[in-house]
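Hello,

Here is the structure I promised to pass on to you. Please open it alongside this email, and then read on for what turned up in it.

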Amino acid sequence: MIRRAEMNDLPAIMKLIEETVTIMEKEGNTQWGPAYPLESDFREDILSGSLWVYETAEILAGVVCINQAASQKYDRISWKLPAPALIIHRMAVSPAVRRCGIGTALLNFAERQAAASGIATLRTDTFCKNPGMNSLFQRTGFSLAGSLYSELKQGEFYYYEKPVQRDADNH
């Protein structure tokens with residue numbers, strides 16, 4: 001079940017992030033680490049109503065922030081699809097349940113949120129050394145819109161976009 005995150009979810013969210021960062025580091029992916037994302041990022045997401053969790057009967061299995069707040073770097077990308085766009089940030093799936101469709105479910109949820117808001121575009125980004133997210137975005141219909149080199153991370157960030165599919169109920 002996907003639901004809006006609450007403050008009492010923060011310990012489980014931070015445990016999921018810690019597990020995710022550990023795996024990223026083992027894979028040589030420095031996208032996340034001690035400086036980002038922080039508990040304060042998720043606290044702000046909860047307060048703004050933009051953080052969602054995927055919950056199973058056993059665990060908090062996934063988390064994603066969905067809003068219209070794009071970093072200034074997004075202005076340097078030659079997007080093909082129109083703004084406004086919903087932006088997908090800080091998405092993670094528990095290592096215990098990866099490859100079970102939770103990431104796809106979270107992205108499909110973001111698309112439904114966009115359609116319900118009358119927004120025609122989804123956008124997101126990820127690090128070049130994050131093969132799981134790059135693959136997930138490509139498998140779920142996102143197209144590469146551009147890339148920017150990060151001196152801090154010593155690698156490129158890939159920027160993706162996807163047109164929002166509207167079903168007959170959303171017209």
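To begin with a small puzzle: does Cys-128 count as buried, partly exposed or exposed? Before the answer, please keep in mind that this is a predicted model. With a relative accessibility of 25%, Cys-128 counts as partly exposed, because buried means under 20% and exposed means over 50%. Cys-65, by contrast, is buried, and its relative accessible area is 0%. As for disulfides, the structure holds zero of them.

Helix H1

A good place to start your tour is helix H1, which runs over residues 10-26. Its 17 residues should span 24 Å at 1.5 Å a residue, and the C-alpha atoms at its ends are indeed 24 Å apart, so the expected and computed values agree. The buried residues of H1 are Leu-10, Ile-13, Leu-16, Ile-17, Thr-20, Val-21 and Met-24. Looking down the helix axis, you will find these buried residues within an arc of 135 degrees, so they line one face of H1. Turn to the other side of the helix and you meet Pro-11, Lys-15, Glu-18 and Lys-26, which are exposed.

What covers the buried residues of H1? The cover includes helix H2 (39-48) along with strands S2 (51-55), S3 (60-67) and S4 (85-93). Just past the end of H1, Gly-28 has a positive phi of about 80 degrees.

Thr-20 deserves a closer look. This residue of H1 counts as buried because its relative accessibility is 5%. Its side chain makes a polar contact of 3.4 Å with the side chain of Arg-98. If you set aside neighbours within four places in sequence, Thr-20 is in contact with Trp-32, Ala-92, Val-93 and Arg-98.

Trp-32 also comes up in a pair with Glu-6: the two are 26 residues apart in sequence, and their C-alpha atoms are 23 Å apart in space. You can find Glu-6 in the loop between strand S1 (2-4) and H1. Glu-6 is partly exposed, with a relative accessible area of 42%.

Helix H2

Next comes helix H2, whose buried residues are Asp-41, Phe-42, Asp-45 and Ile-46. Down the axis of H2, these buried residues fall within an arc of 135 degrees, so they line one face of the helix. They pack against H1, S2, S3 and S4. On the other side of H2, the exposed residues are Glu-44, Leu-47 and Ser-48. Gly-49, just after H2, takes a positive phi of about 80 degrees.

Strands S5, S6 and S7

Which strands pair with S7? Strand S5 (residues 121-127) pairs with S7 (residues 155-163) in the antiparallel sense, over seven bridges. In that pairing, Phe-127 stands opposite Phe-157 of S7. Strand S6 (residues 143-150) also pairs with S7 in the antiparallel sense, again over seven bridges. Here Gly-146 is the residue that stands opposite Tyr-159 of S7. S6 and S7 form a hairpin with four residues between the strands, and in this hairpin Gln-154 takes a positive phi near 55 degrees.

I hope you enjoy looking around.

Best wishes

Notes
Residues numbered from 1 in each chain as written. Predicted model: local features only at pLDDT ≥ 70, side-chain atom pairs only at ≥ 80, totals over all residues. Heavy atoms only, no water. Pairing = 2+ DSSP bridges. Helix = DSSP H or I, 4+ residues; strand = E, 2+ residues; numbered from the N terminus. Buried < 20%, exposed > 50% of the residue type's maximum accessible area, 1.4 Å probe, protein only. Expected span 1.5 Å × (residues − 1). Arc of directions from axis to C-beta. Contact = heavy atoms within 4.5 Å. Disulfide = S-S within 2.5 Å. Polar contact = N/O pair within 3.5 Å; in protein donor to acceptor, adjacent residues only side chain to side chain.
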